[in-house]
Amino acid sequence: MAVSIKSAREIELMRAAGKILAKVHQDLGKQLKPGMSTLEIDKTGDEMIRSFGCIPSFKDYNGYPASICVSVNDEVVHGIPSAHRFLQEGDIVSLDIGVIYKGYHADAARTHGIGEISEEAQLLIERTRQSFFEGIQYAEEGNHLYDISNAIASYCDRFGYGVVEDLVGHGIGSRLHEDPEIPNFHQDRRGLKLRSGMTLAVEPMVNAGRLDVEWCEDDWTVVTEDGSLSAHYENTILITAGRPEILTLTDMEIGAGIGTA
């Protein structure tokens, strides 16, 4: 496994990519509303990304046909936008977005509630987000990769959630997916030792029910096997000698104190 250590220049480019992606997430999230088609979300997001001089990471990546992964309710990840799929009051929708800025990627995901949502849905969104922060408490030089995995899984275990095992996080940089793979579920070993300059996309995918998932006929959309809700929270982070630097936090999250405790 060859895990790249980023140079000072590469880190600055990834910081810039992350800042742009955070802005896209924040602005696109504000526009979500009942009656909006998932294709409209994709088109709006694509325009935002390109307005910053960036390229959507996902467009045509391994054949994926859109710029934004839009996954609704029981869809875990990789939902394909459609002109015939409309958001409804009470839905939850996960937006997974990547941007390329001057050859470097940033990748992040957020799950949003549409209008008034159930308490179950709200707690799932909040706890999935918190599981990310539980994990990255261990994301510093000298610790081990699977310390992150086990912390995410242990937190989700408290609520009886199913943490998806068929999909994992990843390294990121000049390529969207680099080594290492980053599981969100329990590991028997500790994994590789973390070093300053590593950049990782940590992304818990958490189901309200069982962990089992299946792929739809489009070969992209992943759904919960039992039909339960699923939430997704992801950031691109930089490993340092101390606390990790989160490159994709939105201004709203920073203002709310998310990720600063």
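This report walks through strands, charged pairs, cysteines and one buried glutamate in a predicted model.

## A covered strand

Let's begin with strand β2, which spans residues 68-72. This strand is mostly covered, with five of its five residues buried. Its side chains point two ways: Ile68, Val70 and Val72 go one way, while Cys69 and Ser71 go the other. Whichever way they point, all of these residues are buried.

What does β2 pair with? Its partner is strand β4 (residues 92-101), and the two are joined in the antiparallel sense by five bridges. If you want to find this pairing in the structure, look for Val70, which stands opposite Leu95 in β4.

## Two open sheets

Strands of a sheet pair through backbone hydrogen bonds, and they can be parallel or antiparallel. One open sheet here is built from five strands, in the order β8-β7-β9-β14-β15, with antiparallel pairing. At its edges are β8 (178-182) and β15 (245-246), each of which pairs on one side only. Strand β7 (residues 169-171) is connected to β8 by three bridges, and the two run antiparallel. Within this pair, Gly169 has Ile182 in β8 as its bridge partner.

Another open sheet has three strands, ordered β6-β10-β13, and its pairing is antiparallel too. Here the edge strands are β6 (162-163) and β13 (230-232), each pairing on one side only. Two bridges hold β6 and β10 together in the antiparallel sense. Gly162 is a handy residue to look for, as its bridge partner in β10 is Asn207.

## Charged pairs

How many salt bridges does a search of the whole structure find? The count is 10. One of them joins Asp27 and Lys23, whose closest N and O atoms are 3.4 Å apart. Both residues sit in helix α1 (residues 8-31), four residues apart, which is about one turn of the helix. Lys23 is partly exposed, at 38% relative accessible area.

Other pairs reach between separate elements. Glu75 and Arg85 form a salt bridge in which the closest N and O atoms are 2.8 Å apart. Glu75 belongs to strand β3 (residues 75-77) and Arg85 to the loop between β3 and β4, so this pair ties together parts that are 10 residues apart in sequence. The two partners have their own surroundings: Glu75 is buried, with a relative accessible area of 11%, whereas Arg85 is partly exposed, at 31%.

The side chains of Glu253 and Arg110 also meet in a salt bridge, at 2.9 Å from N to O. Because Glu253 lies in helix α5 (residues 251-255) and Arg110 in strand β5 (residues 104-113), the pair ties together parts that are 143 residues apart in sequence. Both ends are buried: Glu253 has a relative accessible area of 9%, and Arg110 has 6%. There is also a network of salt bridges, linking Glu12, Arg15 and Glu245.

## Cysteines without disulfides

The whole structure contains zero disulfides, according to the search. Why does Cys54 not bond with Cys69? Cys69 holds the cysteine sulfur closest to that of Cys54, but the distance is 17 Å, which is too far for a bond. Cys69 in turn has its closest cysteine sulfur in Cys216, and that gap of 13 Å is also too far.

Cys54 counts as buried, because its relative accessibility is 4%. Cys69, which we met in strand β2, is buried as well, with a relative accessibility of 4%.

## A buried glutamate

Our last stop is Glu203, in the loop between β9 (199-202) and β10 (205-207). This residue is buried yet has no salt bridge. Which side chain of opposite charge is nearest to Glu203? The answer is Arg110, 9.8 Å away, while a salt bridge needs its nitrogen and oxygen within 4 Å. Arg110 may sound familiar, as it forms a salt bridge with Glu253.

Glu203 does have polar contacts, though. Its side chain makes one with the side chain of His170, at 3.5 Å, and another with the side chain of His232, at 2.8 Å. Leaving aside residues up to four places away in sequence, Glu203 also touches several other residues, including Asp96, Val168, Asn184 and Tyr233.

Conventions: Residues numbered from 1 in each chain as written. Predicted model: local features only at pLDDT ≥ 70, side-chain atom pairs only at ≥ 80, totals over all residues. Heavy atoms only, no water. Buried < 20%, exposed > 50% of the residue type's maximum accessible area, 1.4 Å probe, protein only. Lys, Arg positive; Asp, Glu negative; His and termini not counted. Polar contact = N/O pair within 3.5 Å; in protein donor to acceptor, adjacent residues only side chain to side chain. Contact = heavy atoms within 4.5 Å. Pairing = 2+ DSSP bridges. Disulfide = S-S within 2.5 Å.
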